[in-house]
Amino acid sequence: QFAKPEQAVDYRQASMALIGSHFGRMAPVAKKEAPYDAAAIAKNVEVLTVLAALPWSAFGAGTEGGETKAEAWSDAQGFKQATDDFTAAIDKLKVASDSGDFDAFRVAFGNVGKSCKTCHDAYRKEK
Ligand code: ASC
């Protein structure tokens, strides 16, 4: 899939950047600093569900490095669990945003943010 390890690092960083963009742009809505446009949120979350699947195949054996701690490979089971928890949280965000219910969206959005942070705290190098 990746000819060189650097290409895997680039791919996971690029896909994470897109996830951060499509997730982060909804933060003002969740914080009630911007109006809740249910259709716009649902459309954005649709994109996010696709993006959320992308990074994980770019953490294969031999691609250690970048911003990722060695623990992502030495604790492969924990890392897999953390990424599965994230995609499960994204799936719940999709259900919530499709419902058009603001409070359901807000709670599910917060849970996705927690799963981002849990995985970053454990497996991403300090900046
Ligand atoms: C973001 C982003 C993250 C998460 C995290 C949530 O927008 O880039 O890594 O949210 O900060 O706690």
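Colleague: Which residues are around the ligand?

Modeller: In this predicted model, the residues around the ligand are Phe23, Gly24, Gly113, Cys116, Lys117 and His120. Helices α1 (5–24) and α6 (102–123) each supply at least two residues of this shell, and α6 gives the most, with four residues.

Colleague: What makes the approach of Gly113 to the ligand a polar contact?

Modeller: A backbone N or O atom of Gly113 lies 3.2 Å from an oxygen atom of the ligand, and the cut-off for such a pair of N or O atoms is within 3.5 Å, so the pair counts as a polar contact. The side chain of His120 also has an N or O atom 3.3 Å from an oxygen atom of the ligand. Of the 310 Å² of accessible area that the ligand has on its own, the protein covers 56%.

Colleague: Why is Thr63 called buried?

Modeller: Its relative accessible area is 9%, and buried means under 20%, so Thr63 is classed as buried. Thr63 is found in the loop between α3 (38–51) and α4 (71–74), where a polar atom of its side chain lies 2.6 Å from the backbone oxygen of Gly60. Leaving aside residues up to four places away in sequence, Thr63 touches Pro5, Ala8, Val9, Arg12, Ala58 and Trp73.

Colleague: And why is Ala39 called exposed?

Modeller: Ala39, which has its place in helix α3, has a relative accessible area of 58%; the term exposed applies over 50%, and therefore Ala39 is exposed.

Colleague: Turning to the aromatic residues, why is the pair of Trp56 and Phe86 called edge-to-face?

Modeller: The search of the whole structure finds 12 aromatic pairs. In the pair of Trp56 and Phe86, the ring centres are 6.0 Å apart and the planes stand at 70 degrees; centres must lie within 6.5 Å to pair, and planes over 60 degrees apart count as edge-to-face, so both conditions are met. Trp56 is in the loop between α3 and α4 and Phe86 in helix α5 (residues 76–99), 30 residues apart, so that the pair links distant parts of the chain.

Colleague: What makes Trp56 partly exposed, and is Phe86 buried or exposed?

Modeller: Trp56 has a relative accessible area of 22%, which falls between the limits of 20% and 50%, so Trp56 is partly exposed. Phe86, at 7% relative accessibility, counts as buried.

Colleague: Which residues form one aromatic cluster?

Modeller: The cluster is formed by Trp56, Phe59, Trp73, Phe79, Phe86 and Tyr123.

Terms used: Residues numbered from 1 in each chain as written. Predicted model: local features only at pLDDT ≥ 70, side-chain atom pairs only at ≥ 80, totals over all residues. Heavy atoms only, no water. Buried < 20%, exposed > 50% of the residue type's maximum accessible area, 1.4 Å probe, protein only. Polar contact = N/O pair within 3.5 Å; in protein donor to acceptor, adjacent residues only side chain to side chain. Contact = heavy atoms within 4.5 Å. Near = heavy atom within 4 Å. Areas by Shrake-Rupley, 256 points an atom, 1.4 Å probe, with all protein chains shown as cover. Phe/Tyr/Trp six-rings, centres within 6.5 Å; stacked < 30°, edge-to-face > 60°.
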